[in-house]
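Q: Please take a close look at the disulfides of this predicted model, and then set them beside the strands, salt bridges and pockets around which the rest of the description can be built.

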Amino acid sequence: MNRRHLTYLACTTAVVAAGLGAAPAAQQPAVHRVQPGQSIQKAVDAAEPGDTVLLAAGTYRQSVDITSPDITLRGHGAGRTVLMPAADAKGACAKAGNGICVTGTDDKPVKDVGIRSLTVRGYAKNGVWATGTDNLKVRFVSAEKNGQWGIAQERSVRGVISHNLTRNNGDAGVFVANTVDTEEGARDAGKTVVRHNMTEGNRVGVTVRRLRNMSVDHNEATGNCAAVFVVGDETAPRAGHLNVTHNHVHGNNEHCDKTPRLPFLQGSGIVLTGVEETLVAFNRVEDNKGTSPLSGGIVLFKSLVGTPSERNEIRDNLLTGNGPADLANRDTAKTNTFSRNTCTLSEPAGMC
């Protein structure tokens, strides 16, 4: 083999080796920009995993349904980017009365969706509604004057609902549940967290229904009929194994009429009904006053079907000015414990 052939083979080998060693260029996440008057849904439908749909400041009269993973819907700040209902509802999310929907299933949850820095206002049902999600993050969102829930999720795990304002919604400002359309036992929420939210003027600030393995911490609730409501019942597995800690709950004294499932609400701080193994600790609970069976600072109450709250620990809370009591154990179980709470009046006496 002559020198020219050897040189050609060496060059060929180098080119092949270089081709084999080079990694394909990674596709960079895209930003899909939307202006008022344009369709948010079209931008979301065009987005690939990792992309961001960025909404300019302004008002958008529409709803949007997110069904693909790893998409972030982001505004230019709550109060600057505002979603409101359209006069002519189009799409499943809008027709259901919701503002933003994140929709997956039990078998195929939608993962890693983010919603942040915008306002959802005035929807007939829910501002943000999520079902079948994994690691949904809702942050810096203002959910105001929606007919049912401000921010809500069901059938979901590992959710992060943080740094939001939920105000003047018809039911709960923040609502998290196992399911809303079937009767079944508590689900594992996969360490879902509800934290650093401000909730005011709702029927209930935060409702946790039939869940296990989650936390409600560092929230502020005021001006609601009830601040934090943790709900269980007789289904198996039982609701519980939750943490309600470091919240500031004050002046939740609005009056809300009774429903088929609940007596009227007024002056309820933190209420546990029919749950087990829940820690309520390091909360500051002040000036929640009313005459409802659920009124008081921290209240334990058997569920509406008669299931007691069992093995719950209420400790290290600061309670003052609540009525008819700072601590109220209106349950029948004997396994709940109260310790190191700073308060003035308890029901029965002797727990302060």
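A: The torsion about the S-S bond of Cys343 and Cys352 is about -115°, so this disulfide is left-handed. The sulfur atoms of Cys343 and Cys352 lie 1.9 Å apart in the predicted model. The two ends of the link can be described separately: Cys343 is buried, with a relative accessible area of 16%, whereas Cys352 is partly exposed, at 41%.

A search of the whole structure finds three disulfides, and when the bonded cysteines of the chain are numbered in sequence order, the pairing reads 1-2, 3-4, 5-6. One of the three joins Cys93 to Cys101, with 2.1 Å between the sulfur atoms, and with 85° about the S-S bond this link is right-handed. Cys93 is buried, with a relative accessibility of 4%, and Cys101 is likewise counted as buried, at 4%.

The disulfide of Cys225 and Cys256 has its sulfur atoms 2.0 Å apart, and the angle of 65° about the S-S bond makes the link of Cys225 and Cys256 right-handed. Cys225 lies in the loop between β21 (220–222) and β22 (226–231), while Cys256 lies in the loop between β24 (248–250) and β25 (268–273), so the pair ties together parts that are 31 residues apart in sequence. Both Cys225 and Cys256 are buried.

The strands β22 and β25 also belong to an open sheet of eleven strands, paired in parallel, whose order is β4-β7-β10-β13-β16-β19-β22-β25-β28-β31-β33. At the edges of this sheet stand β4 (64–66) and β33 (346–347), and each has a single partner strand, so one side of each is left without a neighbour in the sheet. The partner of β4 is β7 (residues 100–103), with which β4 pairs in the parallel sense over three bridges, and Val64 has Ile100 of β7 as its bridge partner.

At the other edge, Glu347 forms a salt bridge with Arg330, the closest N and O atoms being 2.8 Å apart. This pair links distant parts of the chain, since Glu347 belongs to strand β33 and Arg330 to strand β31 (residues 327–330), 17 residues apart. Of the two side chains, Glu347 counts as partly exposed, with 30% relative accessibility, while Arg330 counts as buried, with 18%.

The search of the whole structure finds 22 salt bridges. Among them is the contact between Asp106 and Arg155, at 3.0 Å from N to O. Asp106 lies in the loop between β7 and β8 (110–111) and Arg155 in the loop between β13 (151–154) and β14 (160–162), so this salt bridge ties together parts that are 49 residues apart in sequence. Asp106 is partly exposed, with a relative accessible area of 44%. The contact also forms part of a network of salt bridges in which Asp106, Glu154, Arg155, Asp181, Glu184 and Arg187 are linked. A further salt bridge joins Arg315 to Glu313, with 2.9 Å between the closest N and O atoms; Arg315 counts as buried, at 18% relative accessibility, whereas Glu313 is partly exposed, at 31%.

The pockets bring some of these strands back into view. The largest pocket has a volume of about 580 Å³, and of the 25 residues that line the largest pocket, the closest to its centre are Arg209, Val231, Thr259, Arg261 and Leu262. The elements that give two or more residues to this lining are β19 (204–209) and β22, and β19 gives the most, with three residues. By residue class, the lining of the largest pocket divides into ten nonpolar, seven polar and eight charged residues.

The second largest pocket has a volume of about 170 Å³. Its lining is made of 14 residues, of which Gln62, Ser63, Lys90, Gly91 and Ala94 lie nearest its centre. The elements that give two or more residues to the lining of the second largest pocket are the edge strand β4 and the helix α3 (92–95), and the largest share, three residues, comes from α3. The lining of the second largest pocket divides into six nonpolar, four polar and four charged residues.

Terms used:
Residues are numbered from 1 along each chain as its sequence is written. This is a predicted model: local features need pLDDT of at least 70, side-chain atom pairs count only at pLDDT 80 or more; totals for chains, interfaces and linings use all residues. Side-chain values use heavy atoms; hydrogens and water are left out. Two strands pair if DSSP finds at least two bridges between them. Helices (H or I, at least four residues) and strands (E, at least two) are DSSP runs, numbered from the N terminus. A salt bridge is a side-chain nitrogen of Lys or Arg within 4 Å of a carboxyl oxygen of Asp or Glu. Buried means under 20% relative accessible area, exposed over 50%, partly exposed in between (1.4 Å probe, protein chains only). A disulfide is a pair of cysteine sulfur atoms within 2.5 Å. On a 1 Å grid over the protein atoms alone, a cavity is a set of points where a 1.4 Å probe fits but cannot get out, and a pocket is an open set with protein on both sides within 12 Å along at least five of seven lines; lining residues have an atom within 4 Å of a point. Grid points are joined across faces, edges and corners, and a volume is the space filled by probe spheres set on the points. Ala, Val, Leu, Ile, Met, Phe, Trp, Tyr, Cys and Pro count as nonpolar, Asp, Glu, Lys and Arg as charged, and the others, Gly among them, as polar.
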